[in-house]
Amino acid sequence: MNRATVATAYQTLVAEGLASAHVGQGTFVARRDGGSLAPPPAEPFLDWDGHSSRAARRLVADTRRRSSFDLLARARPGLISFAGAMPDASLFPTDAFRQVLNRVIKREGAALLQYHAVSGYPPLKRFLMGWLLRHGIEATEDEILIVNGSQQGLDLIVRILLDPGDPVAIEQPTYPGALQTLEAFQAQLLTVPVGEAGLRPEPLARLLDQHRPKLLYCQPTAQTPTGLSIPQEARLELMALAARRRLPVVEDGFGGPSYQETPPPPLKALDPHGLVIHLGSLSKILFPGLRLGWIVASRPVMERLLALKQLSDLHTSALLQAAVFQFCQRRLLERHTRVVRAEYARRRAALLAALGRHMPAGTSWTVPDGGFSLLVTLPGRVDTDALLPEAVERGVAYTPGAFFFADGRGASTLRLSFSGIPAPRIEEGVRRLAETARPALRRRAPRAVGERSELPLV
Ligand SMILES: Cc1ncc(COP(=O)(O)O)c(C=O)c1O
């Protein structure tokens, strides 16, 4: 830009009273009373921390901890990062999506850019009815609500069902976003340990003998962080238990790739009583940036969800819903799913093989049935959170396991996500991880004989 243009812009701002110029100092944004803005005071005018809700204080402390970890990991070139379970953006079908987006704008642009129905774009909902049916879920159009990702779905569900202090049963370990959402609503968290095959009915039954949780939040398929899926038998038992105890079940369906020949049906498909509130999302299999997910729930639940969704943001973008509908109708989602499943399966296999080759004796890990990650348990009293800077120093990152535990356990566990790393790099990443873990294990006392790790060994 020409210097004269900039000078004219400054003169105009000064003439309009929006800036004030001081010879030898520069030009400053003007204060309303005519003086220039003073530099911000060292101490904030109000102690916003003291002024925040307890829930917000906890949330912010947790978020700061996570972002310090992100900064640490981002700062290193050549880092192999197993942190952050996201789809690989280099596999995104961006061009195909651009084409369907152009097409819907051309055909229905004005209507799609108007305010829209709160429950979702009807053609997409009808498409979903067929898609859900193929997974065993029979839902009518008015039992489906389109939301901005399953995270918003979870937030809405928690808001309509919980009052502060209400007890909620959750798997441990579990998805940190669910922990944070529940904690923000001041839920009392009751944990059920995840076994070798995911959530088991027996410990849940024992918990239900002692407590009366208002709901169970679980991920029966491709659980985060373990990748485990509950087998069919246990699903039937869980649903029988939920029916006996009249326990609402929030099923976070994930929607990522499955590595099973015949994945078991979702809990919603085994629910004749309308107890299950099912969450689905396109984030893992297509684009997380779309923020597109859905809730399947019985009508009384849906009535409440619709009222709250309306209050929250009126509706999810109709333009994006229409583009996704076009994408799905042209069978592009099916094709894309096949391609990415094969690639993620290669990365999963590479990770499992490398762990077997390199990790110190006594290390165990879950074998994921689906999804993007698995959970490793180191054999000694190692704090993987404290070990992370050392790992990053050696060029590898992971997510410390404690993030996935509600009660401070999981210190010796860590989550490895394989979705973002091409198979040939995975071996090197695991070699670096093993190199970090080995000396740390020697420094720390081993577990006492008979003492169990948080997760059964696999
Ligand atoms: C188990 C689980 N539930 C929900 C979400 C949120 O996903 P979405 O992008 O659909 O909001 C995630 C994201 O990682 C997840 O792992």
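Below, a trainee and a mentor talk through a predicted model.

Trainee: What are the ground rules for numbering and confidence?
Mentor: Residues are numbered from 1 along each chain as its sequence is written. In this predicted model, local features need pLDDT of at least 70, side-chain atom pairs count only at pLDDT 80 or more, and totals for chains, interfaces and linings use all residues.

Trainee: In which sense do β5 and β6 pair?
Mentor: Strands (E, at least two residues) and helices (H or I, at least four) are DSSP runs, numbered from the N terminus. Two strands pair if DSSP finds at least two bridges between them. β5 (residues 167-172) and β6 (residues 188-195) share 6 bridges, and their sense is parallel.

Trainee: Which handedness has the β-α-β crossover from β5 to β6?
Mentor: The chain leaves β5, passes through helix α7 (residues 176-184) and enters β6. With the strands pointing away from the viewer, a clockwise path from the first strand over the helix to the second counts as right-handed. This crossover is right-handed.

Trainee: How many residues link β6 to β7 in the hairpin?
Mentor: β6 and β7 (residues 198-199) pair in the antiparallel sense over 2 bridges. V194 has L199 in β7 as its bridge partner. The hairpin between these strands runs through 2 residues.

Trainee: Why is one side of β12 and of β15 left without a neighbour in the sheet?
Mentor: The open sheet has 4 strands in the order β12-β13-β16-β15, with antiparallel pairing. β12 (364-365) and β15 (399-400) stand at the edges, so each has a single partner strand.

Trainee: Which residue in β16 is the bridge partner of T399?
Mentor: β15 and β16 (residues 413-417) run antiparallel and are joined by 2 bridges. T399 has as its bridge partner R415.

Trainee: Which helix gives the largest share of the largest nonpolar core?
Mentor: A nonpolar core is a set of buried Ala, Val, Leu, Ile, Met, Phe, Trp, Tyr and Cys residues joined through C-beta atoms within 7 Å. Buried means 20 or more other C-beta atoms within 10 Å of a residue's own, placed from the backbone. The largest core has 65 residues, and V249, I295 and V324 have the most contacts inside it. Its largest share, 8 residues, comes from helix α11 (residues 318-329).

Trainee: How many residues around the ligand are charged?
Mentor: The shell has 14 residues, with G149, S150, Q151, S281 and S283 nearest; near means a C-beta atom, placed from the backbone, within 6 Å. Ala, Val, Leu, Ile, Met, Phe, Trp, Tyr, Cys and Pro count as nonpolar, Asp, Glu, Lys and Arg as charged, and the others, Gly among them, as polar. The shell divides into 4 nonpolar, 9 polar and 1 charged.

Key
Buried ≥ 20, exposed ≤ 12 C-beta atoms within 10 Å, placed from the backbone.
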